[in-house]
Amino acid sequence: KKHICGASDKRISTQRRLSETNAPVVKVNMMYSQNKILEWQRDQYDHDMRNHFDILSLHKNDRLKHYAMHFAKYSGRLARGDAEGKTVDRTFVDALLVSLSAANTLHQSLEYRPKRSNNSLFLRIADASGRFNDAGEKIDHLEPFLEIARDGNQDIFDALLDFASAQHLDVEKCLQSRRSELRQRQFFVGNIMAFWGKDRWLAQGLGELAPVSPWDEGKVEAAGYRLSVGR
């Protein structure tokens, strides 16, 4: 089995890896700031625009149901343990990508709240994905669903980052590697254009390169856009 991210031993069984989810959290590079998580969400939006535009084109209600089915699929992978062909690391990064996409759809700013449960990764994902699916069902019944979906997605996100911490996974490399794989599926998509607005320019400290000269922060809102090709 191929682990696409992290330094874990490929010989370790799925059940052992799941049971080690609640190991003490290593604090080196394992706490993720809200700014970093927001960057992940923005990168996921760019990724989805190029590679999953069919899903972004759906009505938001239908998009949430699509993500709910993804979460149910990942629960099934974890439930099968060693009988599942895909590794736990693969399921981890797939679920993380969907959690970021779901957050964008929900207008949800994710944050990492570590170690809020002592249950295994499987139980936590199954629990939270069940609630996320419940939110999808409530849409059809015209019942309140938004906070249920947000809470479920936040709990999935927390469970995944707890797992990454316990397994010493490099989350950035996991995301980059899997996005690169998914990008190859869309071989027919050429270069696309994405634009940076004022906040992104300022955050990157690239003011001197903006098309407003001399640099004037007050003028960047309308004119300061960076063209990014082929992301």
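Helices (H or I, at least four residues) and strands (E, at least two) are DSSP runs, numbered from the N terminus. This is a predicted model, in which local features need pLDDT of at least 70 and side-chain atom pairs count only at pLDDT 80 or more, while totals for chains, interfaces and linings use all residues. Residues are numbered from 1 along each chain as its sequence is written, and side-chain values use heavy atoms, leaving out hydrogens and water.

**Exercise 1. Find the helix that holds Phe122, and decide whether Phe122 is buried, partly exposed or exposed.**

Step 1: Phe122 lies in helix H6.

Step 2: Recall the cut-offs: buried means under 20% relative accessible area, exposed over 50%, and partly exposed in between (1.4 Å probe, protein chains only).

Step 3: Phe122 has a relative accessible area of 27%, so Phe122 is partly exposed.

Step 4: Now look along the chain: Arg77 is 45 residues apart from Phe122, yet their C-alpha atoms are separated by 9.0 Å.

**Exercise 2. Check the span of H2 against the expected value.**

Step 1: The expected span of a helix is 1.5 Å times one less than its number of residues.

Step 2: H2 has 18 residues and should therefore span 26 Å.

Step 3: The end C-alpha atoms of H2 are 25 Å apart, which agrees.

**Exercise 3. How do the axes of H2 and H8, and those of H2 and H5, cross?**

Step 1: Axes are lines fitted to C-alpha atoms, for helices over the stretch in contact, and angles run from 0 to 180 degrees between N-to-C directions. Angles under 35 degrees count as roughly parallel, over 145 as roughly antiparallel, 65 to 115 as roughly perpendicular and the rest as oblique.

Step 2: The axes of H2 and H8 come within 11 Å and cross at roughly 5°, so these helices are roughly parallel to each other. Contact (heavy atoms within 4.5 Å) involves residues including Trp40 and His47 of H2 and Val171 and Leu175 of H8.

Step 3: For H2 and H5, the axes come within 9 Å and cross at roughly 90°, which makes H2 roughly perpendicular to H5. Among the residues in this contact are Trp40 and Tyr45 of H2 and Leu97 and Leu100 of H5.

**Exercise 4. Which residues have the most contacts inside the largest nonpolar core?**

Step 1: A nonpolar core is a set of buried Ala, Val, Leu, Ile, Met, Phe, Trp, Tyr and Cys residues joined through side-chain atoms within 4.5 Å.

Step 2: The largest one has 43 residues, and Trp40, Phe92, Phe132, Phe157 and Val171 have the most contacts inside it. H5 gives the largest share, 10 residues.
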